[in-house]
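This report considers a single protein chain and describes selected features of its fold and side chains. Please keep the sequence and the structure in view while reading.

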Amino acid sequence: MPALTNIGCLATCAAGAGQSDAGLVRNAALAWEGATITYAGPAVELPPRFRSEAADAGGRLVVPGLVDCHTHLAFGGWRADEFEQRIQGRTYLEIAAAGGGIASTMRATRSASSVQLLTRAAAVLGGMLALGVTTVECKSGYGLDPDQELRLLRLYADLAARSAQHLVPTLLAAHVIPPEYRDCREAYVRLIIEAIIPAVARERLARCCDVFVEESAFSVDEARRILLAGRAAGLAPRLHADQLSASGGAELAAEVGALSADHLEYVTPGGIAALHSGGVVAVSLPIATLYLGQRPMPARALIDAGVAVAVATDFNPGSAPSWHLPLALTLACALQRMTPDEALKGATLYAARAVGREREAGSLERGKSADFAVIDASDPREWLYYFRPNACIETVVGGVTRWRGG
């Protein structure tokens, strides 16, 4: 039975005593049988039967496989021109109103071949794996019609069959109203509810249904209808909420029993209270905050109110063109005043909860999947304070090494 010993610091990230408790164990060991963890704890208590096949972690930090719980993985084109426009003073909404933003990526995605989309997404997954990311949520949302949305989700099914990582596909047909429905938005809402959601459910192409709730996207009433239809079809609700304004997204997330509400830069005290009472995970996306020049999500207020705060990249071509989850963790600390232990738990257990996989992933506990990363640092503080291109030296998924650094 394989094991890893001489772990200087093991971050179990078990449920424990809240966000600040990363379950740190010094001088630890980890053991697994097949794809399942059988021991995680002090090295002195490692059962003798595991010792014969033990590898040496070199006194390093070992963390659960990271979970990126919010990405827009497959898309065509890039939007570097908008990056420059924002630097020069144009806002996200101004660019979108002029035909840029999500609509621009929709056009590029529709014109890209499936091979092009698949090749790029596979390369991104490889880059994420090298950073220690073992579970990736991946949204549609750049097709915005039945054929294109189904194409993106089928690409994710293809990727899942090939990938070393666990993929969690999400339907985001309600990203924005596509241009061809601009004068009949109700028809597009009905199209999502009556055609796209049933087709996705029939093919079992997604686990979640997401809606962008914002003045420039979907109203609370429209989102409620879509999310309830998705839930009735077996798709767990998730929301882009309160990113650009206090839109009522957090309150709606609690009302519909959403797994998560993501962004939340403009969440209100009432929204925070609703998230807490509804047990909704708040997902922080600090790379998007940085690129858009926004005020950060009020992570401290959320944590102090008892809301679980996850951290993800929001990888997309417009507002977060980076899949570097450790960078997002460092930004969560620097911009949002989260401690390194809080940020790490946000990209492991709480991120797994945000995609409905907390029973299988997100912590190093007996019975869970043997997904973990070996990090060249002494503890989470050193790792997230001392930022470098990559501190991960090995990524293990289901008990099998899927990436090892030089």
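The sections below treat charged pairs, a buried acid, one helix, the nonpolar cores and some individual residues.

## Basis of the report

The structure is a predicted model. All values given here were computed from that model, and local features are reported where pLDDT is at least 70.

## Salt bridges

The model contains 23 salt bridges. One of them joins the side chains of Glu 137 and Lys 139, with an N to O distance of 2.7 Å. Glu 137 has a relative accessibility of 1% and is therefore buried, since the limit for that class is under 20%. Lys 139 is buried as well, at 0% relative accessibility. These two residues also belong to a network of salt bridges that links Glu 137, Lys 139, Asp 210, Arg 238 and Asp 262.

A second pair consists of Glu 186 and Arg 225, whose side chains meet in a salt bridge of 2.9 Å, N to O. This pair links distant parts of the chain: Glu 186 lies in helix α6 (residues 185-203) and Arg 225 in helix α7 (residues 220-232), 39 residues apart. Glu 186 is partly exposed, with a relative accessible area of 32%, and Arg 225 is partly exposed at 36%. A further salt bridge is formed by Glu 365 and Lys 368, with 3.8 Å between the closest N and O atoms. In this pair Glu 365 is partly exposed, at 30% relative accessibility, whereas Lys 368 is buried, at 8%.

## A buried acid without a salt bridge

Where does Glu 214 lie? Its place is in the loop between strand β9 (208-212) and helix α7. Glu 214 is buried but has no salt bridge; Arg 295, the nearest side chain of opposite charge, is 11 Å away.

Which side chain does Glu 214 meet in a polar contact? The partner is Ser 245, and the contact is 2.4 Å. When residues up to four places away in sequence are not counted, Glu 214 touches Asp 242, Gln 243, Leu 244, Ser 245 and Ser 247.

## The two sides of helix α1

Helix α1 covers residues 80-87, and within it Glu 82, Gln 85 and Arg 86 are buried. These residues cover an arc of only 95° around the axis, so they lie on the same side of α1. Ala 80 and Ile 87, on the other side of the helix, are exposed.

The buried residues of α1 pack against three other helices, α2 (92-97), α3 (102-111) and α10 (286-292). After α1 comes Gly 89, which has a positive phi near 115°.

## Nonpolar cores

In soluble globular proteins, nonpolar side chains tend to be buried together. The largest nonpolar core of this model has 117 residues, of which Phe 218, Leu 275 and Trp 383 touch the most other members. Helix α6 gives the largest share of this core, eight residues.

Leaving out residues up to four places away in sequence, the contacts of Phe 218 include Ala 174, Val 176, Ile 177, Tyr 188, Ile 192, Val 211 and Ile 226. Apart from the largest core lies another core, of 15 residues, among them Leu 10, Leu 30, Ile 37 and Val 62.

## Individual residues

Two aspartates have a positive phi although neither is a glycine. Asp 242 has a phi of about 55° and lies in the loop between β10 (236-241) and α8 (249-255). Asp 242 is buried, with a relative accessible area of 2%; it is also one of the residues that Glu 214 touches. The phi of Asp 314 is near 60°, and Asp 314 lies in the loop between β13 (309-311) and α12 (325-336). Asp 314 is buried, with a relative accessible area of 2%.

His 276 is found in helix α9 (residues 269-278). Is His 276 buried or partly exposed? Its relative accessible area is 44%, so His 276 counts as partly exposed. Apart from neighbours within four places in sequence, His 276 is in contact with Ala 305, Gly 306 and Val 307. His 276 and Ser 363 are 87 residues apart in sequence and 22 Å apart in space, C-alpha to C-alpha.

Notes:
Residues numbered from 1 in each chain as written. Predicted model: local features only at pLDDT ≥ 70, side-chain atom pairs only at ≥ 80, totals over all residues. Heavy atoms only, no water. Salt bridge = Lys/Arg side-chain N within 4 Å of Asp/Glu carboxyl O. Buried < 20%, exposed > 50% of the residue type's maximum accessible area, 1.4 Å probe, protein only. Helix = DSSP H or I, 4+ residues; strand = E, 2+ residues; numbered from the N terminus. Lys, Arg positive; Asp, Glu negative; His and termini not counted. Polar contact = N/O pair within 3.5 Å; in protein donor to acceptor, adjacent residues only side chain to side chain. Contact = heavy atoms within 4.5 Å. Arc of directions from axis to C-beta. Core = buried A, V, L, I, M, F, W, Y, C linked by side-chain atoms within 4.5 Å.
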